[in-house]
Amino acid sequence: MSNLPLTAIAYPAKGSAGRTGLWRTERPVINYERCVKCLICWLYCPEPAVVRRGDDSVEIDYDYCKGCGICANECPAKAITMVEEVS
Amino acid sequence: MPRVVLSGNEAVAVGVKLSRVNVVAAYPITPQTTIVEKIADYVEQGELKARFINVESEHSAMAACIGAAAGGARCFTATSSQGLLYMGEMVYWAGGARLPIVMAVVNRALAPPWSIWCDHNDALSLRDAGWIQMWAESVQEVLDMMVLAYKVAENERVLLPVMVNLDGFLLSHAYEPVEVPTQETVDLFLPEKRPAPYWIDVVDPKSYGTIASPDTYMEFRFKLQAAMDEAARVIEEVDAEWSRMTGRSYGGLLELYKCEDAEVGLVVVGSWAGDAKEAIDRLREKGVRAGVIRLRVTRPFPSRSLASVAESMDAVAVVDRSLSPGLPSVLLSEVRNALYDNGKKPYVKGFIAGLGGRDVTPLDFEAAVESTLKAKEDGGSRVEWLGLKGGRDVC
Ligand code: SF4
Ligand code: SF4
């Protein structure tokens, strides 16, 4: 108990709640032919599971993407499609 | 030390100024309003270098204090009655988050029926929120208590918020000559706030008040309880230190008046202790060896000190300005609880009095003590409503 802080505190850590991508029923798939690197998906993803690369291209981190579809909905170039997950 | 005439509310504001508070967030409510009016003046005139945050409610006032306190600022707010109830959720938050905020509560009855006058049910409704609860008797004590409250709250062994209670109108709007400690004295007594282990810090980002699973929740609550136990000791130490610096001591958790040889004790909280003392003097003239036990602090509840004072008494009268419908009153239950485990315990009779600002005089206190001694002899009622019009036929 002595190593507990005085009150509940959380420190930023990647994936401390486990691999939340396991919940997904649909996965976002990026069509790079259409992507214009506007980074809107990167801004909107609530997780964040859209990874921004050095050249401002984007990719999805499927370990943590929960499949909410916000990125697909917001993408102005319609470059993201939600595809059903099959086990 | 300069001697000036101040109202209870002005004394709170002076206490805030002397304590060099950094952030004040408050919403007006009678009879608290003149506290924050005065503080707003100080900030406007540059006499207090603080951020004064105008908020849209008491809930937001406490929320602003919580944020600022988590960022390391010394914070203050004040409220009364309905405002305190509205603030309630955030009051618990400050306690659980261990933030050393100080709040003045100018005690006022709860509605309905609507009332702006004094009783203690507002503050007592939040007695389990993890706040230290202190109660002043005089305007001088209000001023001193404000400074002492920060010193206790910020102590590393404590780290808990403190409620400084003063009776609505009876103290808040009563003017008394007061010795104002110098700024140098207060600066020596209350150094600049030190960072606590959990301060929000952009270099070391963290989020705060997050979920605790059933695995850890109880341990956090245990720590809160342990801090309250520690606070009881710290309050006594701080009282002694203040006494060395200013010559004024209030006795820490309890103030005892003529209790050394007393056979009967009168237990009270707040400003009417003055009337209770007068009643004791009159009783002593009649040959009744009586004394006053004034609880200055009700959280942490001074159970042990109370039991050890009361064990040499035959009877105790508890005059309570609160009602717990169906119980019947908060202070009475807590006093009885404190005495129960002690080998030698006095007969206890409770009095519900002064609700909604009903006047209570030294004659009423005298009657309460006499009625307690009589009830002990003839087995009369253990609870009485003082000054109830029409007696129990009111129903
Ligand atoms: S589907 Fe939702 S979680 Fe996954 S990348 Fe898009 S916005 Fe993020
Ligand atoms: S929102 Fe669409 S276009 Fe913009 S970066 Fe994301 S995938 Fe590319």
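In which cavity does ligand 1 sit? Ligand 1 occupies the second largest cavity, while the space taken by ligand 2 is the largest cavity. A cavity here is a set of points, on a 1 Å grid over the protein atoms alone, where a 1.4 Å probe fits but cannot get out, and a molecule sits in it if more than half of its atoms lie within 2 Å of its grid points.

This is a predicted model, in which local features need pLDDT of at least 70 and side-chain atom pairs count only at pLDDT 80 or more, whereas totals for chains, interfaces and linings use all residues. Residues are numbered from 1 along each chain as its sequence is written, and chains are lettered from A and ligands numbered from 1 in the order in which they are written.

Now to the shells, whose residues have a heavy atom within 4 Å of the ligand. Around ligand 1 there are 13 residues, the closest being A:Cys45, A:Cys65, A:Cys68, A:Gly69 and A:Cys71. Around ligand 2 we find, among them, A:Cys35, A:Cys38, A:Cys41 and A:Cys75.

| Shell | Nonpolar | Polar | Charged |
|---|---|---|---|
| Ligand 1 | nine residues | two residues | two residues |
| Ligand 2 | nine residues | no residues | one residue |

Finally, the interface: 18 residues of chain B and eleven residues of chain A are in contact (heavy atoms within 4.5 Å). On the chain B side, B:Lys206, B:Phe220 and B:Lys223 lose the most area to chain A.

Conventions
Side-chain values use heavy atoms; hydrogens and water are left out. On a 1 Å grid over the protein atoms alone, a cavity is a set of points where a 1.4 Å probe fits but cannot get out, and a pocket is an open set with protein on both sides within 12 Å along at least five of seven lines; lining residues have an atom within 4 Å of a point. Ala, Val, Leu, Ile, Met, Phe, Trp, Tyr, Cys and Pro count as nonpolar, Asp, Glu, Lys and Arg as charged, and the others, Gly among them, as polar. Buried area is the accessible area (1.4 Å probe) that two parts lose on being put together, summed over both.
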